[in-house]
Amino acid sequence: MDPQDEIWMRCALELAERGRGHVEPNPLVGAVIVRDGKVVGEGWHQKFGEAHAEINALAAAGAAARGATVYVTLEPCCHFGKTPPCTAAMIEAGVARVVAAIEDPFPQVAGLGAAQLRAAGIAAEFGACADLARRQNAPYLKLVTTNRPYVHAKWAMSLDGKIATKTGDSKWISNEASRARVHELRGRMDGILVGIGTALADDPLLTARPPGPRLATRVVLDTNGRLPVTSQLVRTATQFPTLIATTSKDAATLRAAGCEILALPVNVEGKPDLQLHLDELGRRRWTNLLVEGGAAVLGAFFDANAVDEIHVFVAPKIIGAAQAKTPVGGRGLDAILQSGAWITETIENIDGDVYMQCVRKTSEPRTKQADE
């Protein structure tokens with residue numbers, strides 16, 4: 001590859017990022033068209049159902065696209081979906097070369113886009129900034145390869161690892177700026193999930209304030225259908241989608257209040273089966289799920305190997321007390337050596353709080369079997 005390929009691909013990745021929260025369940029894609037060392041067109045996938053990045057870039061380039069190189073963060077599509085195939089537009093525009101960061105695992109593309117370009121005499125290559133592209137589109141890659149959403153776990157805790165005092169008081173551990181960052185995170189999710197314990201203790205609203213590009217469904221894991229009709233979640237169910245995952249057969253009151261009821265069989269612990277729940281969310285083409293707690297629910301997700309990314313806000317406070325809750329419950333691990341599956345990707349000071357973002361060590365999407 002030309003040494004300049006990585007430079008132009010990084011530009012395409014920056015463009016792709018502008019679509020986050022707007023394009024899901026489609027991937028984030030950016031495209032840059034370069035001719036004689038100069039950018040003649042650029043574009044990104046701006047909204048689900050609208051033109052793809054390559055089409056926007058070709059429109060910007062016009063006749064200058066002929067003989068040019070197209071840098072695109074994901075293999076161009078070659079099938080009719082909500083929009084016509086990008087490969088056909090590239091062939092018609094007369095581009096000379098296409099450099100894609102990674103192959104698209106979507107079954108109707110998966111190498112076929114590159115093959116179609118090569119058959120038309122266009123050089124098609126992969127690999128520039130591949131790791132960055134896989135990281136950027138990790139949620140999409142997981143959804144396509146496992147039919148399950150990418151799971152974010154989030155919590156705020158004190159310096160000594162507590163999420164509440166021994167009396168259950170938890171408002172507020174993190175500062176206002178950290179909470180604003182959480183609302184930004186919520187605003188690009190398809191779902192925000194808590195357990196019934198958190199719903200009863202905190203009476204949360206679980207919305208993004210101000211609203212983000214996506215309207216997340218509030219999800220409550222409620223084994224016995226105990227969520228009160230007087231709770232904020234139920235009282236606002238006609239305004240914001242609310243899904244109650246339960247094993248209870250007596251949920252008529254919640255349904256009548258506007259909640260959607262997802263009846264799930266129980267697992268060996270008598271709780272709603274988490275694996276079947278994730279399967280259902282995948283069928284709905286949810287790309288990103290934010291799990292906010294409490295400790296039992298977070299523990300269940302970690303025990304199930306179902307978490308892909310962690311967002312932790314650490315406040316400079318000491319709470320103490322052995323009885324005070326820690327963020328993650330569940331069965332846990334038997335040995336420290338089992339806990340090394342994470343790397344810290346971001347550390348940021350937010351007005352005195354420390355924000356840490358951690359991801360799994362591997363950048364490759366996991367199989368569904370690996371989650372179970």
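## Two helices side by side

Helix 3 and helix 4 lie roughly parallel to each other. That label follows because the angle between them is about 20°, and angles under 35 degrees count as roughly parallel. Helix 3 covers residues 86–93, and its axis sits 10 Å from that of helix 4. This is a predicted model, by the way, so treat the numbers here as computed from it.

As for handedness, helix 3 passes helix 4 in a right-handed crossing. On the helix 3 side, the contact is made by T87, A88, M90 and I91; helix 4 answers with G113, Q116 and L117.

## M90 and the 39-residue core

M90 turns up again in the largest nonpolar core, which has 39 residues. M90 is listed there with M9, I33, V95 and V98 as the residues with the most contacts inside that core. Quite a few elements give two or more residues to it: helices 1 (5–17), 2 (53–61), 4 (112–119), 5 (130–136) and 6 (138–146), plus strands 1 (30–35), 3 (69–72) and 4 (97–100). Helix 1 supplies the largest share, five residues.

So who does M90 touch? Setting aside neighbours within four places in sequence, M90 is in contact with E54, L58, V70, P76, V95, V98, L117 and I122. L117 is also one of the helix 4 residues in the helix 3 contact.

## A nine-stranded sheet

Further along there's an open sheet of nine strands with mixed pairing, in the order 10-9-8-7-11-6-12-14-13. Strand 10 (260–263) and strand 13 (342–350) are the edges, each pairing on one side only. Ignoring direction, neighbouring strands are turned by 20° against each other on average.

Inside that order, strand 6 (residues 150–158) pairs with strand 12 (residues 309–315) in the parallel sense, over seven bridges. One bridge links A156 to F313 of strand 12.

## H152, tucked into strand 6

Strand 6 also holds H152. Is H152 buried or exposed? It is buried, because its relative accessible area is 1% and the cut-off for buried is under 20%.

Leaving out neighbours within four places in sequence, H152 is in contact with R188, M189, N288, L289, L290, V291, E309 and H311. Then there's C358: H152 and C358 are 206 residues apart in sequence, yet their C-alpha atoms are 9.8 Å apart in space.

Technical notes. Residues numbered from 1 in each chain as written. Predicted model: local features only at pLDDT ≥ 70, side-chain atom pairs only at ≥ 80, totals over all residues. Heavy atoms only, no water. Core = buried A, V, L, I, M, F, W, Y, C linked by side-chain atoms within 4.5 Å. Buried < 20%, exposed > 50% of the residue type's maximum accessible area, 1.4 Å probe, protein only. Contact = heavy atoms within 4.5 Å. Pairing = 2+ DSSP bridges. Axes fitted to C-alpha atoms, helices over the stretch in contact; angles between N-to-C directions. Parallel < 35°, antiparallel > 145°, perpendicular 65-115°, else oblique. Left-handed = near helix turned anticlockwise from the far one by under 90°.
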